Amino acid sequence: MSKTDKAKILLVDDNEDMCESLTDVITMDSAYNVSHTTNPLRALEMIRTGEFSLIIIDYKMPTMNGIELLKRIKQIKADFPVLVLTAFISDELTEQAEKNGAREVLSKFIRPDALLEHIKNAIA
Amino acid sequence: MKYIPKGRSQLKIKRIFICLSISLIIFFVLYGFITPDIISAEKPLVFAGNDRFAPYSYLSDDSPDGYSVDLMKILSAAINADIRIKLMPWERCIEELKTGKIDGLLGVPIYKEREAYVNYSRPVAEIDFAIFVESGNSYVNSIKSLEGTVVGVHKESLITETLLKDKRIKILETESVIEALNKLKNREVTAVIAEKNVALYYIQQKKIEGIKIAGSPVGPVYEYALAVRKGKTNLLKEINRGLTILEENSTLKKVKRKWFGLRLVEPFPWKMVVFMTAGISGVMLILVGILWVISLNATVKIKTGQIQQMSQKMIEKDKLAVLGKLAGQIAHELRTPLSIINNSVFLLHKEGSKNRELFEKRLRILEDKIKLTSNILESILSYSRVKAEIAATISVKECIEEVLKDMDIQKSIEQNISYEKEESLTVFMDFHQLYSVLRNVILNSIQDMGKKGRLTIHAFLSDDNSTVNVRICDTGRGITESAENEIFNLFYTSKITGTGLGLPISKSIIETNNGRIYLEKTSKKGSCFMVELPFSQTK
């Protein structure tokens, strides 16, 4: 990827406010172009048609949980880097997510600049 | 009055005569109704049976005895018929039946070929065959396994035909079942195949020891019935009517139990169990399907009941655990606004207040989310307000016992509970609060162990008598190094269903009471938690 191209990131979280807040944080670094959706099914559609460098998904969503969404994303493209964000981080969840190909599982309480660091590493 | 006028006397005799005649007529008419024609025959009916077929029919001190004999006696009473019983050698029974000397047979296996000269009643028993071997013999379990051996079978046994099909089995015919069994005891034959009830009867009667039944029943199963001479259909109808009565009032069952109630200890019938299990599973599957549909409604009701029960429990004594579950949901809600607040603060830092519009937006978000957070917290607090604390000097031992009693820990978890100086194990705090803490720690231990393990609780007074200590140990998977420092932090949990509230709240309760709670040690073989509370002397 050339430096002039902005990396495209897709955010999936059932909470619209959370999506907006995260978008604001991530777009602070002008290197990224962020899209978001609160609907996991819509997300899958966007992934099929759009060119994303990274997908960040929430774990707990009412219509489809993060692990399920992760599995489906991997069916579309096995090597998509996916970060899972969760309000409750646990060893069991981390293990499950990583087994299903998640790049990393992060707490929603991560410091925003640390999150940016993780995003940078995932895309690199 | 000696003199009776002639006219009156004649009248009286006439009256008596008329009365007598009417009575007789009524008697005969009634008699005709009660006893059907076939049985009103002057001469009694004769039924014959094999005299050497115990326990069905045999001579005991020259008088007939056995299942068929008993049955016939009861049957003749039930149908109100005069039936004589005669036991003699089997060949003679058949011969006399064919020549019309007797009217029927007490009992005979239902056998198509005999239908030329008999009519069978409904079946009254079953004749099946079993393999009898020495108790120590464990390799015989079927006819196939008898190939190459000598098998004792009594003369004219119905099983002989089946056995002859397998040319590799050598048959040794004996005069009687007893003779065959004796040959088995003398090791002249490897096994005896005989009608099960007959052989069992002799084994019991002659007190023959060291013989068992091997495998499942073998060969064909014959139905055993009464029989009448061909064409005596009225008699047959009566017999069947009587048998129905005996079946309906369970007399038949009682007679059967009397004669066939004896059983040897049989080897475990694996084959049958497999078939039965398969059969039962099939039926169960269908039933489960049906029940599933029916039970949906019931399940809803039960669940509703459980939820009600849960809230009831919460009110009473289990506030902490239930609070954890309820609060877990709320806490998730709490995390989202908090993380938005977190992001907004970060953005405010970075962006400053130069862009007024953006700055206002961030502040508005902060305000909104703080308000939301506060509302959520309020709702959690309303759950968590443990009933007004009533502190008193309480016994730690009593509290532990109450917790264990209420938890109903499964038996596969070994419990090792011990107390040192139990009368001195007293602290000054609210009983319910201590209960909640102990329950929470013990519950964690048990959940960590799963189905099996050992729970060790040791309560003791510290060396300097300043604190009452409770050590709770399990043989679970232990706590990972990274988690060791986290377990008392709010919302940390290693379980996907955990809430991360139990231990932090326990900690705050214990610390409020000037005590300490900590992880004493942990490894892959288990963990120990320690609760220390200031010792309080009983007044």
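The exercises below, each with a worked solution, concern the cysteines and the nonpolar cores of a predicted model.

**Exercise 1.** Determine which cysteines form a disulfide, and work out its handedness and the parts of chain B that the pair ties together.

*Solution.* Begin with the total, which is one disulfide over all chains. The sulfur atoms of Cys473(B) and Cys528(B) are 2.0 Å apart, and since the cut-off for a disulfide is 2.5 Å, this pair qualifies. Next, take the torsion about the S-S bond of Cys473(B) and Cys528(B), which is about 115°, so the disulfide is right-handed. Then place each partner in its strand: Cys473(B) belongs to β16 (residues 467-473) of chain B and Cys528(B) to β18 (residues 526-534) of chain B, so the pair ties together parts that are 55 residues apart in sequence.

**Exercise 2.** Decide whether Cys473(B), Cys528(B), Cys93(B) and Cys399(B) are buried or exposed.

*Solution.* The cut-off for a buried residue is under 20% relative accessible area. Cys93(B) has a relative accessible area of 0%, so Cys93(B) is buried; for Cys399(B) the value is 0%, and Cys399(B) is therefore buried. The disulfide partners, Cys473(B) and Cys528(B), are both buried as well.

**Exercise 3.** Identify which residues touch the most other members of the largest nonpolar core, and which domains contribute to this core.

*Solution.* The largest nonpolar core has 66 residues, of which Phe47(B), Tyr56(B), Tyr67(B), Phe132(B) and Ile193(B) touch the most other members. At least three residues of this core come from each of domain 2 (42-122 + 225-252) and domain 3 (126-224) of chain B. A second core, separate from this one, has 38 residues, among them Val403(B), Met407(B), Leu425(B) and Val437(B).

Definitions and conventions:
Residues numbered from 1 in each chain as written. Chains lettered and ligands numbered in written order. Predicted model: local features only at pLDDT ≥ 70, side-chain atom pairs only at ≥ 80, totals over all residues. Heavy atoms only, no water. Core = buried A, V, L, I, M, F, W, Y, C linked by side-chain atoms within 4.5 Å. Buried < 20%, exposed > 50% of the residue type's maximum accessible area, 1.4 Å probe, protein only. Domains from an automatic or database assignment. Helix = DSSP H or I, 4+ residues; strand = E, 2+ residues; numbered from the N terminus.
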